[in-house]
Amino acid sequence: MKYLEAFLEWGGIKRDVVCLVLGGLALLGSILQVPGLPFDPAWVAIILCGIPIILEAVIGLVTAFDIKADVLVSMALVASVVIGEDFAAGEVAFIMQLGALLEDLTVARARAGIERLVRLTPRTARRLTDRGEETIPADQVQVGDRLRVLPGETVPVDGVITAGETSINQAVMTGESLPVDKGPGDEVSSGTVNQFGSFDMEALRVGEDSSIQRMIRLVQSADAGKAKIVGLADRWATWVVVVALAAAAITWLVTGEVIRAVTILVVFCPCALVLATPTAIMAAIGNATRHGFLVREGDALERLASVEYVTFDKTGTLTYGTPRVAAVESVEPNLSRENLYALAAGAEDRSEHPLGKAIVQGYREETAGAAPQAASFSMLPGRGVEAAVDGRQVLAGNPELLAEHGISGETLRTAAQPWLDRGCTLTYVAVDGVPAGFLALSDTVRPDAAQTIRQVREVGVTPVLLTGDHANAARSIAAQLGIREVQAGCLPEDKLEWIGRSQREGQMVCMVGDGINDAPALKKAHVGIAMGGIGSDIAVDAADIALVNDEIRELPHLLRLSRRMMVTIKCNLTFSMSLNFLAIALAITGILNPVVGALVHNAGSVLVILNSALLLTWKKRDRG
């Protein structure tokens, strides 16, 4: 049997396409009755399209006594050939292979998300010993080892900083694009990136216990429980085969006409039933592609139709993921807002910190000019910057930076509290040793996000915000967008747990995200949708659907399309089953012969395809 299975797998989809093309031409030749041929051209379709079906049926029956639709198809093929109805046999083989090809085109693609995550795992670590610094493989780090991490390096294991100040990019864990300032006593996670300062750390969790390894296991396990939808024709195949055989046998015994029995087997062949689902899915996938969606899983739209919740990551999904200056306020009477902004932009002009770049960019956009040049510049990792701008000494950073220079930041913190409550990130500024003001920076909501959330709710789906950002920022964004359910401060396992709990309660969840930290949730969710433009490759690989152009406003159309697709599938199934039973009744009475019977129920297959094709251009009409 393994040789037969290997033979059937040879050539893959390309072979199936070639066989279908040749089989279709052969059937056309049979209809036109091409002269001079020593045999009916329909035999080409029987051999190229029919033999694989028969072999699949034999393998399923012998190895696992698995009765699928191909068993009934094989019986119809053999019966038609036995009584000399070659064209009917060729027709049935061609239609069934067409359905099988459509099914193959809608199955999942091989994905490499796990491999990409594995490549994120640090390979080496700098261990500090009595003899000095040595480089060792990261998997040899032991709990309690002292390690050193330089700027630009990935943290090799989970641990706690013992010396040094720095800023850590934690996007791999939290999805938030802004680095987090860290100092002695703060914990750091493996897979996160040290951006500016070097630091020493003590290893706490190593090997399989590290954060990045836990995430790899989450992604590996999250997909295990995602059910795949079985083809309806295969699900009903067992009792369909029994009914078909019984009806054919009884008709033969009662009438004594084997032709009627064979006709029953031919019209009972579930061509339209097999085509009902894949043709609708393929047409809906074509529609989704026109709206910017790349459907990576064939049955993703089928699953999407039943979701009750759509959970959104915040940064990069509902927002652009880049900080922008929301406010500039001066608390020094002799320093105007404009002068404060210019001094801060000048001090940050050489900074590589995302907040510093945002301040400079905001100043350029507001003034249409360049920031003042700094005479001197010093970056203080984990604190901010110090610079001489226009003859004045400027400090820009966090409260600790001001405190280290003996400057009280109490006035600034009091004035900035309303912006902190809104979830903004603050850069405090002191000029010539005096607290001067602050700049509030926040993420920017996508202009179409609020309308998208409203339309998602109109579809009958509840939007939920799952974010790694802190509670104030999460609540502020949710209030702007009209999202009532918010889960803030979520690590990858927290998002996974929320989705898993909802699923255990019988609620189907769709996850929309863009970051590496969203990958486990995208896998676990009933349907995962990744932002394909700005999203990480790992998130896209973990998702069922990718939104290629990041136009989130198209999401409500996708939800409506999935539900419309299910309506089309149900109509297709109802029509095909009704036509089959009508044809059986006519076959029992002798009104249909095998050829006419094949034409009638294949005409039903054509109607199913045409009905599915309407999905290609479907779009919900706006109410006028």
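Here is a short tour of a predicted model, with stops at some strands, a helix and the aromatic pairs.

Start by selecting strand S4, residues 158–163. Its partner S9, residues 199–205, runs antiparallel to S4, and 5 bridges hold the pairing. For a spot to zoom in on, pick Ala163 and look across to Asp200, its bridge partner in S9. Now add strand S7, residues 187–188: S7 is also antiparallel to S4, joined by 2 bridges. Here you can click on Gly159 and find Val188 as its bridge partner in S7.

Next, jump to helix H21, residues 492–504. Its 13 residues reach 18 Å from first C-alpha to last, close to the 18 Å expected at 1.5 Å a residue. Show the side chains and colour the buried positions: Pro492, Lys495, Leu496, Trp498, Ile499, Gly500 and Ser502. Just past the helix, stop at Gly506, which has a positive phi of about 85 degrees.

Keep Trp498 selected and turn to the aromatic pairs, of which the structure holds 2. Trp498 and Tyr309 have ring centres 5.9 Å apart and planes at 90 degrees, so this pair is edge-to-face. It ties together distant parts of the chain, with Tyr309 in strand S11 (residues 309–312) and Trp498 in helix H21, 189 residues apart. Tyr309 and Trp498 are both buried.

For the last stop, select Tyr341 and Tyr363, an edge-to-face pair with 5.4 Å between centres and 80 degrees between planes. Tyr341 belongs to helix H15 (residues 337–348) and Tyr363 to helix H16 (residues 354–367), 22 residues apart. Both tyrosines, Tyr341 and Tyr363, are buried.

Conventions: Residues numbered from 1 in each chain as written. Predicted model: local features only at pLDDT ≥ 70, side-chain atom pairs only at ≥ 80, totals over all residues. Heavy atoms only, no water. Pairing = 2+ DSSP bridges. Helix = DSSP H or I, 4+ residues; strand = E, 2+ residues; numbered from the N terminus. Expected span 1.5 Å × (residues − 1). Buried < 20%, exposed > 50% of the residue type's maximum accessible area, 1.4 Å probe, protein only. Phe/Tyr/Trp six-rings, centres within 6.5 Å; stacked < 30°, edge-to-face > 60°.
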